[in-house]
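Here are a few notes from going through the model, as promised. Have the structure open while you read.

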Amino acid sequence: MSSFKNSFDDKGNTNNVNPDIISNSTCANSQLRNASVTDCLPLSPSSSMSIPGMDDEEFRRRGKEMIDYIADYLLNIGERRVTSVVEPGYLKQLLPQDAPQTGESWDDIIKDVERVILPGITHWQHSRFHAYFPAGNSYPSILGEILSSGLGINGFSWAASPACAELETIVLDWLGRMMGLPIGLLPFNSNSDNNDSKAMPNTSYNSSEDREQTGGGVLLGSASECVLMAILAARTKKIESQRMINPLIKDAEILSNLVCYTSKLAHSCVEKAGLIAMIKVRQLAIDENFSLRGKTLDTCIQADKDNGLIPFFVSYYCFYPQCFNRILFVQVCGTLGTTSCASYDNFEEIGEICQREKIWFHVDGAYAGSALICHEFSYLKKGFEHWSIALSRRFRALKLWFTIRSYGVEGLRNYVLQHCRLAKLFAELLHKDVRFDTVGKVVFGLVCFRLKGKNELSEKLLLSLNHSGEMHVVPAMVNDLYTIRFAVCAKDAIENDMHTAFHIIQAHANTILKND
């Protein structure tokens, strides 16, 4: 039997496919290799199959109905509780134990969305949702998601879908330029024309500050995925450099000595990535502004080097490779907007140490990185880069492409600055009430606050707010202080939303302090 070798050319076209392969591979049993395809199927030639589902016309109708449903949901979301009132395991009691044997009508499916799904939804787009961080929803993004799903491609290579591969590179280049990243981190040479089909990824650099490597990046599913990719890439490069120095050294010996450094405010995904990569993770102390400083990092690095360890990674999410060829190889990760209080590390001090020690510098821009598109935050500017292990890649770039083109750079800047301005307004309201303290500087769209006094008071306040359903906030421990994180999340947030939230908080604080 012929092999399947050379069945595809370099552009993904089928060539020289032996028809015997198709019939032969259909039959699992080697004794049936000479049988016809129909002989191998578990159906008689006369049998027919009815496959239920939507036809083209119903899809058109239901699709329009779904757009109306989503639009109505977002328009009237303020009438709903922010959080649900269900208990864990509620859904299992409302759905059958087994999947339906026959197809159900779309009307019944949609009725169950309202009956069993919406009651268990925390409404992230609600104007009084102030937990975590913004979910990044917008109408152009939703339409991009629909088109991506409709096209239904898997962009695991250029040949699998050229537009998917190329558009992702282009919109990331746009984004990098919007953020003012060094040319060495961008996919394309600034002198190249994006419309030139011969334009290639950037390999030239215009200043000594540019990194000596090809820039670029990909869209990943989450910040946690980014930090894992960063650690694995840095670990691989470290092992390679150690082998060049000592060809007889074993991987296990290298791995046992690798050390990652991160701020004590780092997200838990850094520690989890360290466990997966089998490397040590050190959480370093922060200063009075909740920032990781260069002196703290340098002291720890030198101590570990003296003890025979290999500093290799200083991390907080996204990844910024610096150099590959030093015996002792660290990756440092600076944080641009910590999860707990949106503080940022001292990149200038950390960067100098990374440059001196020839280490990798990983910059976490998962939240506040988007602020770099605003000139007002250019003083925070640092780059970040990552890569991917996924093969079955969705056409995520469409969502970014639609959003950037619909809003424009100025519109996106105004969007970010509006959230930052509203956060400062909310902080000003808190400062007028002597019962509250704010924790950390208010730079981006996040305010951390607490009731003065023991931690239990702020914890009670948070529980009271969330239990009421009027608002949703989450806690953070910052230097042993129980704080309440108030993030400006709604895409159409206005000043009145800040005043409404503040009055709700005041009312619940009145009750807490009265009963204390």
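1. Leu-143 comes out as partly exposed because its relative accessibility is 46%. Bear in mind that this is a predicted model. Leu-143 sits in helix α6, residues 139-151, and joins Ile-67 and Ile-146 in a nonpolar surface patch. Together these three offer about 250 Å² of accessible area.

2. Next, the packing of α6. Its partner here is helix α13 (residues 397-431), with the axes 8 Å apart and an angle of about 145 degrees between them. The crossing of α6 and α13 is right-handed. On the α6 side, the contact residues include Leu-143, Glu-145 and Leu-147; on the α13 side, Lys-399, Phe-402 and Tyr-407 are among them.

3. Have a look at Glu-145 and Lys-399, whose side chains form a salt bridge at 2.9 Å, N to O. Glu-145 belongs to α6 and Lys-399 to α13, so this pair ties together parts 254 residues apart in sequence. Glu-145 is partly exposed, at 25% relative accessible area, and Lys-399 is partly exposed too, at 26%.

4. For a salt bridge within one helix, try Arg-60 and Glu-57, at 3.9 Å from N to O. Both lie in helix α3 (residues 56-75), 3 residues apart, or about one turn of the helix. Both residues are exposed.

5. Two more for your list. Glu-58, Arg-61, Arg-62, Glu-65 and Asp-107 are linked in a salt-bridge network. Asp-492 pairs with Lys-491, with 3.0 Å between the closest N and O atoms; Asp-492 is exposed, at 56% relative accessible area. The overall count is 19 salt bridges.

How values were computed:
Residues numbered from 1 in each chain as written. Predicted model: local features only at pLDDT ≥ 70, side-chain atom pairs only at ≥ 80, totals over all residues. Heavy atoms only, no water. Patch = residues over 30% accessible without salt bridge, like charges linked within 9 Å, V, L, I, M, F, W, Y side chains within 5 Å. Areas by Shrake-Rupley, 256 points an atom, 1.4 Å probe, with all protein chains shown as cover. Salt bridge = Lys/Arg side-chain N within 4 Å of Asp/Glu carboxyl O. Helix = DSSP H or I, 4+ residues; strand = E, 2+ residues; numbered from the N terminus. Buried < 20%, exposed > 50% of the residue type's maximum accessible area, 1.4 Å probe, protein only. Axes fitted to C-alpha atoms, helices over the stretch in contact; angles between N-to-C directions. Left-handed = near helix turned anticlockwise from the far one by under 90°. Contact = heavy atoms within 4.5 Å.
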